[in-house]
Amino acid sequence: MKKIIIKLFLIFCTTSIIAQNNNSVIGIVQDSTDVALEMATVVLLNPTDSTMVGYSMTNENGNFYIGELPQGNYNLQITYIGYGTFEQKVEVNQEKIDLGIIQLSSDNELLKEVVVQAEHIPIVMNGDTLEYNAEAFNTLPNDNVEDLLKKLPGVEVEEDGTIKAQGKAVTKITVDGDEFFGDDPKMATKNLPADIVKKVQVFDKKSKKEELTGVKDGEEEEKTINLKLKKDKNKGYFGYVKAGYGTDHRYEGKFSINKFDKKLKISTLGSLNNLNNNGFGFDDYMTFRGDERGRSSEVGVPISRNTGFGNSRFYSGGINLSYKINDKTKIYSNYFYTRNESQRNTETSSEFINDEETYFENSTSNNESKNNRHTARIGLKKEIDSLRNIDMKTNFVIAHGDNSSSFISETLTDLLLKKNDNDRQNLGDNFSFSNNSNISYFRKTKKEGRAYTLSLDWRNSNNTDNRILDSDINYYTDEGVFDFAEILFQEQNSQGRRREYEIVNTYNEPINEKSSIAFNLDHGIEFENNKIDFFDRDSTTLINTFNDDLSNHFSNRIMENEIGATYKFNPSEKLRLSAGVSLKNILLNGNLINEDVEINKTYWVPSPNFNLRKKINKNSYFNTSYSLNTRVPSIRQLQPIVDNSNPLSIYIGNSSLKPELNHRFRTRYSVFNQYNFVTLFTSLNYTITQNNIINAVVVDEFFKRETTPINSNIGSSLSGYLSFSFPVKFIKSKLSINSNFRNSRGETFVNNIQTKNYLNTYYGQLKISNVGSDYFDISAGTSISYNQNKYPSFVSLNTDFFRHSYFTDININIKKTWFFSTSFDYEINSATSFAEQQVEPFWKASVAYSFLKDKKGTLTLSVRDILNRELGIDRTNTATEITQTQTNTLGRYFMLSFNYKLSAFGGNKMYFFGGHRRTK
């Protein structure tokens, strides 16, 4: 690690030295009264096509610097809100061009030396919104919005499609202010062409209360991107149709058709394939390297790349609609259907803890399933008048499916002597329905900051699950000799129903211009009912006999009432402080109906909270917070009912469980340098848990496990995240460093023996990629993850393992007609006590040719897993076990696909876009 840090430091220093020796333009921007203007936008444009060559923003002293410039003539533009645009020709013919003091005029008196279209200004700070002009950044005719975002300074797109702006994850993307197929940002970035976008607006979305009251409430703001479409692109349709067929009877078909105008936006999507792509989700839009790596940007070590193993067929389609009735009323709705037919074969090896020793389980399984899912949403936004606003929305989910599985396993001692084996089959079907609805009413007064909000939520769900279990278990003595057998043939039926209601009232009263106090009064109630009927089935006559010992009927009611107050102090735009406390009353009532047993518990929980946000400068933030959160046990954890779906691993609930209390401390710091585009985002989180809910395990002499949840007094975790990127200008590339860790402290209970344990996970990634090239994209890097279980009292039980990964991506275009793409991954899984070191290379490639009028058609030949070496390995690690699972994969196949693009905007010619580089 030390060598890596030294190398990164040398690269950074070398970059700085070389930058000092290259051509640059500097200057100072002031207003007419000689006052420095901070955050003015300064750009150099190519005079032939007005594309951006260099960019900077002034600091607090009005200084700007644009470096790494080739010699030539450029157009300089300086903009600042409320001032006229300054324009001047600049000839770069020496190492440093000092333009001295430049004064902007507030009366729009502009210099006339050169006429440059204002819409080519690439970046403007408009209040709290950073606005990019899409036309100032080169994109290929077939690029989508994701490709455009990759070229924007300060915006990062990770390999799984996650977007970060100024070091913070983007949680929502809208199109002209409207949602696009719900809240998933990737639906818009991966399915909309770059050419229809006029501006990309990046901002922190305020909470609803803050938008209405004008008072900062200290809540976490969501980083949001709005895609503002070109006017002529907002009147017409665009889309594509794609079909492909390959070896081993692999196939893929997709379409996307969209029609937009000022009032109505309609989008339709459809897909079918047997490539493990779930239609329009994660796998469908990944580049050739990233689609199955499965890396995560969240804290925690991504030790698995299992996102597409098995063999699945997906069928999906949907429609999204948004209609603006008038300036004050808008309705929106969408519907999506997905069907998944899956077949998975797995081989699993596990190592378990048993007192002061370990034992092993090896198993093979085959699972076949068919699942259907319908989701629908409808909403209304209504501005009643300037003081009142109402939002209504509801969504429905219907899911049903059936599955069958076969399972064969054996359990061995640490001396590899057999203690049991199991041959088990399961056959089942399930159905579920859920509905979530919300009505929110906002009322503010003419007095600035005074406001009232009322929110009503109700959620309900119903589910049924019917299963047939056929299990044969053989048990063996300590010497590995057969002892006795256990045969189970049962029908297991369960029905569950859940209802939740919640009312949230808030009232905000301003104390003065800089402070206010907010009161909240909340009431929520949850009803849950679960009925389980077990029947022992005769294998010959198939007659069922009711099993009274395993059957049960359990109801649960949880009522929560909370009252609280929060003081908010905002002395300036750079500082926000809030502190408050609430008192929560929890009433828990459980009833074991068939045994006439009732459980009643009452809890009083104080919940303090604190939040401090410091805006150090325009692009640097510091935030720290504390909160106390309560987690009530689930009905499965509370009901003392035996779940023997796996007869060798039985689960029994615990009606005596207490709610968890989580004390959470969070600190975040982020910075974005507008001069050299260095970004840094860090976070540190610490949690202390009271009444920590863990699983106590009892293992009998035949290694049959019985698990019950209990409360523990030991529970804490420390986690951190760091993302750092900076340009390496002399090779026109960007270097990114990402890392995270998590250290958890707890305890395990195995056979009533209490053992402290530490679960530590670490992850780091180094990646370098080129920027600014219109002809090729290249990226390469490496990552490493480390997972460790430590038991201070029993060192012999300690376990650990590594995962190394090396990867590279290459995308090349030749005259915007021929396109070549390839990626290569090389992963190494270290040896464990039950598995040898595993090496897994994964190579993909494609070549594409665009033709027909306006290049509407693209023909692509692709090959997946060229070396045919994908192993399908997945590793997981918990406090009491390590498991490695190997699943069947698609293997190598070739595919030939054709993509046809169609579009018409305001009578224009057909528009070319698509994603040949996204073809799997």
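**Exercise 1. Two residues with positive phi**

Task: State in which loop N752 of this predicted model lies, and decide whether N752 is buried or exposed.

Solution.
Step 1. Locate the residue. N752 sits in the loop that connects β39 (733-750) with β40 (753-770).
Step 2. Examine the backbone. The phi angle of N752 is near 65 degrees, a positive value in a residue that is not glycine.
Step 3. Assess the accessibility. The cut-off for exposed is over 50% relative accessible area. N752 has 73% relative accessibility and therefore counts as exposed.

Task: Carry out the same analysis for L852.

Solution.
Step 1. L852 is found in the loop between β44 (838-851) and β45 (857-864).
Step 2. Phi of L852 is near 70 degrees, again a positive value in a residue other than glycine.
Step 3. With 45% relative accessibility, L852 counts as partly exposed.

**Exercise 2. An open sheet**

Task: Give the strand order of the open sheet that contains β1, and explain why β4 and β7 have one side without a neighbour in the sheet.

Solution.
Step 1. Establish the order. The open sheet is formed by three strands in the order β4-β1-β7, with mixed pairing.
Step 2. Identify the edges. β4 (63-69) and β7 (96-103) each have a single partner strand and stand at the edges, so one side of each lacks a neighbour in the sheet.
Step 3. Describe the twist. From one strand to the next, the twist averages 15 degrees.
Step 4. Recall the principle. Strands of a sheet pair through backbone hydrogen bonds, in either a parallel or an antiparallel manner.
Step 5. Apply it to one pair. Strand β1 (residues 23-30) pairs with β7 in the parallel sense, over six bridges. The bridge partner of V25 in β7 is I97.

**Exercise 3. Salt bridges**

Task: Determine which parts of the chain the salt bridge between E509 and K447 ties together, and classify the accessibility of both residues.

Solution.
Step 1. Check the distance. The cut-off for a salt bridge is a nitrogen-to-oxygen separation within 4 Å. The closest N and O atoms of E509 and K447 are 3.5 Å apart.
Step 2. Place the residues. E509 belongs to strand β25 (residues 482-510) and K447 to the loop between β23 (418-444) and β24 (451-476), so the pair ties together parts that are 62 residues apart in sequence.
Step 3. Classify the partners. E509 is buried, with a relative accessible area of 18%, whereas K447 is partly exposed at 40%.

Task: Repeat the procedure for E560 and K584.

Solution.
Step 1. In the salt bridge of E560 with K584, the closest N and O atoms are 3.9 Å apart.
Step 2. The pair links distant parts of the chain, with E560 in strand β28 (residues 552-572) and K584 in strand β29 (residues 575-592), 24 residues apart.
Step 3. E560 counts as partly exposed at 27% relative accessibility, and K584 counts as buried at 13%.

Task: Describe the accessibility of D327 and K324, whose side chains meet in a salt bridge.

Solution.
Step 1. The N to O distance between D327 and K324 is 4.0 Å.
Step 2. D327 is exposed, with a relative accessible area of 71%, while K324 is partly exposed, with 33%.

Task: State how many salt bridges are counted, and which residues are linked with R459 in a network.

Solution.
Step 1. The count comes to 25 salt bridges.
Step 2. R459 is linked with R498, E500, E502 and E526 in a network of salt bridges.

Notes. Residues numbered from 1 in each chain as written. Predicted model: local features only at pLDDT ≥ 70, side-chain atom pairs only at ≥ 80, totals over all residues. Heavy atoms only, no water. Helix = DSSP H or I, 4+ residues; strand = E, 2+ residues; numbered from the N terminus. Buried < 20%, exposed > 50% of the residue type's maximum accessible area, 1.4 Å probe, protein only. Pairing = 2+ DSSP bridges. Axes fitted to C-alpha atoms, helices over the stretch in contact; angles between N-to-C directions.
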